[in-house]
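This report describes one protein model. It turns from model confidence to fold, surface, salt bridges and helix ends.

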Amino acid sequence: MASSNQRNASTKDGEDQAKPKTPAKRGFAAMDQATQRSIASKGGQAAHQKGTAHEFDSEEARRAGQKGGEAVSRNREHMAAIGRKGGESRQSAARAAAAERSSRGSEQASGAGNRQSSKG
């Protein structure tokens, strides 16, 4: 059994034990973003020149989009929020169009009474 002195010595640096030490970044992760992009761009260009680069065709893109849509639609709260936002937008657009129609109608009605005949 460990003595209390041994336990205290091992937990003396309790602050260091609370924070997990992360290893220093090496290689690609240590580079700044501009350097990473430059290297990745060169790799992509080389793959296209070699003919081994992957290119989406329309069918593959359709499947990828469908898969993403299925993943999003599993979140019912998110879908409900989208529906509410769309409904609000549609209602406000309908109200604005109705207000525009009614203002045009009242302008035409009031304008007709103010016109004087040019035949006189």
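The mean pLDDT of this predicted model is 78, and 72% of the residues of the protein reach 70 or more. Confidence varies among the elements: helix H1 (residues 4-10) has the lowest mean pLDDT, 51, whereas H3 has the highest, 92.

**Fold and surface**

The protein contains five helices and zero strands. Read from the N terminus, the order of its elements is α-α-α-α-α. Of its 120 residues, 0% count as buried. The exposed area of the protein is about 11200 Å², and carbon and sulfur atoms supply 51% of that area.

Which residues make the nonpolar surface patch of about 240 Å²? Phe28, Met31 and Ile39 make this patch. Phe28 is located in the loop between helix H2 (14-18) and helix H3 (33-50). With a relative accessible area of 42%, Phe28 is partly exposed, because that value lies between the 20% limit for buried residues and the 50% limit for exposed ones.

**Salt bridges in helix H4**

A search of the whole structure yields two salt bridges. Glu59 takes part in a salt bridge with Arg62 and in another with Arg63. The table lists the two pairs with their N to O distances.

| Salt bridge | N to O distance | Separation in sequence |
|---|---|---|
| Arg62 and Glu59 | 2.8 Å | three residues |
| Glu59 and Arg63 | 3.8 Å | four residues |

Both distances satisfy the salt-bridge criterion, which requires a side-chain nitrogen of Lys or Arg within 4 Å of a carboxyl oxygen of Asp or Glu.

Arg62 and Glu59 both belong to helix H4 (residues 58-73), with a spacing of about one turn of the helix. Glu59 and Arg63 likewise both lie in helix H4, again about one turn apart. Salt bridges with shared partners join Glu59, Arg62 and Arg63 into one network. Why can side chains at such spacings meet on a helix? An α-helix has 3.6 residues a turn, so residues three or four places apart point the same way.

Are the members of this network buried, exposed or in between? Glu59 is partly exposed, at a relative accessible area of 35%. Arg62 is also partly exposed, at 45% relative accessibility, and Arg63 counts as partly exposed at 46%.

**Helix H3 and its ends**

H3 comprises 18 residues. From its first C-alpha to its last, H3 reaches 26 Å, close to the 26 Å expected at 1.5 Å a residue. At the start of H3, a side-chain oxygen of Asp32 comes to within 3.2 Å of the backbone nitrogen of Ala34. What follows H3 at its other end? Gly51 follows H3, and the phi of Gly51 is positive, near 90°.

How values were computed:
Residues numbered from 1 in each chain as written. Predicted model: local features only at pLDDT ≥ 70, side-chain atom pairs only at ≥ 80, totals over all residues. Heavy atoms only, no water. Helix = DSSP H or I, 4+ residues; strand = E, 2+ residues; numbered from the N terminus. Buried < 20%, exposed > 50% of the residue type's maximum accessible area, 1.4 Å probe, protein only. Areas by Shrake-Rupley, 256 points an atom, 1.4 Å probe, with all protein chains shown as cover. Patch = residues over 30% accessible without salt bridge, like charges linked within 9 Å, V, L, I, M, F, W, Y side chains within 5 Å. pLDDT = per-residue confidence, 0-100. Expected span 1.5 Å × (residues − 1). Polar contact = N/O pair within 3.5 Å; in protein donor to acceptor, adjacent residues only side chain to side chain.
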